[in-house]
Amino acid sequence: MTDGVEAVFDAVAAAAAEVRAGLPERRGYTDETNPSGETVLAADVYADDRLEDRLTALDAVGAYASEERDGVVDAGTGLSVTCDPLDGSSNLPTGNVVGTVVGVYDDDLPARGRALVAAGYVLYGPVTTMVVARDDVTEYLVEDGAREPVGDVQVPAEPSVYGFGGRVSDWTPAFREFVRSIESAGELKLRYGGAMVGDVNQVLTRGGVFGYPAVDGSPDGKLRLQFEGNPVAYVVETAGGASSDGDGSILDRPADRLHGRTPVFVGNETTIDRLESAVE
Ligand code: AHM
Ligand code: MG
């Protein structure tokens with residue numbers, strides 16, 4: 001019998017095929033906003049509906065929540081699944097990568113990252129891939145609504161890329177100074193694509209650091225703890241890397257609101273340690 005977590009990621013693979021096929025005619029903005037106050041694209045709404053349908057139909061799933069809806073959908077008893085249905089969707093009109101981020105919590109929402117039993121993401125790039133973290137981290141190819149394993153994923157020992165969101169002028173002076181220091185060390189190359197999943201996947205493939213820091217007017221940055229911060233922290237930590245909200249692992253951050261935000265930093269442990277010392 002397939003266990004609950006595997007059933008969740010099988011359902012995400014099936015939904016991912018529908019999402020990918022539905023993107024071409026849904027690249028425009030609607031006149032709706034999501035609970036974070038962002039104007040949503042037709043593709044955001046479509047992806048959320050496809051995932052909700054497939055995930056709430058599973059016996060193993062008791063709750064579904066997403067970046068695109070206010071409350072938690074009650075689906076009986078079982079695991080709580082969170083989704084950012086289309087991460088980086090502002091990349092759609094420009095033809096750059098987007099993704100789907102999934103957290104599987106064994107607790108009521110909002111929950112701390114320590115309650116995650118698995119997490120992963122789909123990357124809609126030149127090919128559709130899925131990365132799933134459980135006891136270890138596995139990359140899959142997603143084809144015809146099913147996933148085929150490609151291999152295990154570990155954060156490479158040497159960091160080589162970096163990318164941080166937000167405007168430089170909105171960063172804190174300490175964070176700006178940290179970024180200048182890693183740039184002038186001459187080891188890391190800038191790679192920032194505007195979709196967290198794409199940037200995190202580069203960190204998993206090449207080593208390095210991705211982050212979205214506190215910015216002027218938003219001390220918790222932009223990314224949401226339940227839907228984005230916790231799942232990528234779980235993936236990167238399980239792959240041998242580290243995560244931080246500036247003070248410690250994102251997974252230890254209290255979850256006070258379903259749509260609450262957090263600064264997000266993930267990458268090689270050495271780089272994350274340096275960052276924490278620089279911004280404390
Ligand atoms: P979204 O989930 O609404 O697309 O927002 C999250 C995205 C992340 O994927 C990405 O890292 C960040 O927003 C980019 O923001 P910015 O344009 O400010 O750099
Ligand atoms: Mg997102």
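Start by selecting ligand 1 and the side chain of Glu38 in this predicted model. An oxygen atom of the ligand sits 3.4 Å from an N or O atom in that side chain. Next add Glu67, whose side chain has an N or O atom 3.0 Å from an oxygen atom of ligand 1. Then add Lys222, where a polar side-chain atom is 2.9 Å from an oxygen atom of ligand 1. Now show the surface of the ligand: alone, ligand 1 would expose 480 Å², and the protein buries 82% of this area.

Which residues are closest to ligand 1? Select Asp87, Gly88, Tyr192, Met196 and Tyr212, the closest of the 18 residues that surround ligand 1.

**The largest pocket**

Hide the ligand and look at the open space in the protein. The largest pocket holds about 430 Å³ of space. Its lining is made of 26 residues, and those closest to the centre are Gly88, Ser89, Ser90, Gly194 and Lys222. Two of these names have come up before: Gly88 is among the residues closest to ligand 1, and Lys222 has the polar atom 2.9 Å from a ligand oxygen.

Select strand S2 (39-41), strand S5 (79-87) and strand S13 (208-212) next; each of these gives at least two residues to the lining of the largest pocket. Colour the lining by class to find 10 nonpolar, seven polar and nine charged residues. Then colour by domain: domain 1 (2-152) and domain 2 (161-279) each contribute at least three residues to this lining.

**The second largest pocket**

Move to the second largest pocket, with a volume of about 270 Å³. Select Leu123, Gly198, Asn201, Gln202 and Thr205, which lie nearest its centre among the 13 lining residues. Which helix supplies the largest share of this lining? Select helix H4 (residues 196-206), the source of five lining residues. By class, the lining of the second largest pocket has four nonpolar, six polar and three charged residues. Keep the domain colours on: the second largest pocket lies between domain 1 (2-152) and domain 2 (161-279), because both give residues to its lining.

**Two backbone details**

Two stops remain, both on the backbone. Most peptide bonds are trans, and most residues other than glycine have a negative phi.

Select Leu109 and Pro110, which are joined by a cis peptide bond with omega about 0°. Pro110 is in the loop that runs between strand S6 (98-105) and strand S7 (116-124).

Finish at Asp144, in the loop between strand S9 (137-143) and strand S10 (146-152). What is the phi of Asp144? The angle is near 55°, a positive value in a residue that is not glycine.

Definitions and conventions
Residues are numbered from 1 along each chain as its sequence is written. Chains are lettered from A and ligands numbered from 1 in the order in which they are written. This is a predicted model: local features need pLDDT of at least 70, side-chain atom pairs count only at pLDDT 80 or more; totals for chains, interfaces and linings use all residues. Side-chain values use heavy atoms; hydrogens and water are left out. On a 1 Å grid over the protein atoms alone, a cavity is a set of points where a 1.4 Å probe fits but cannot get out, and a pocket is an open set with protein on both sides within 12 Å along at least five of seven lines; lining residues have an atom within 4 Å of a point. Grid points are joined across faces, edges and corners, and a volume is the space filled by probe spheres set on the points. Helices (H or I, at least four residues) and strands (E, at least two) are DSSP runs, numbered from the N terminus. Ala, Val, Leu, Ile, Met, Phe, Trp, Tyr, Cys and Pro count as nonpolar, Asp, Glu, Lys and Arg as charged, and the others, Gly among them, as polar. Domain bounds come from an automatic or database domain assignment. A residue is near a molecule or strand if one of its heavy atoms lies within 4 Å of it. A polar contact is a pair of N or O atoms within 3.5 Å; within protein, one must be able to donate a hydrogen and the other to accept it, and residues adjacent in sequence count only if both atoms are side-chain atoms. Accessible areas come from the Shrake-Rupley method with a 1.4 Å probe; for residues, only the protein chains shown count as cover.
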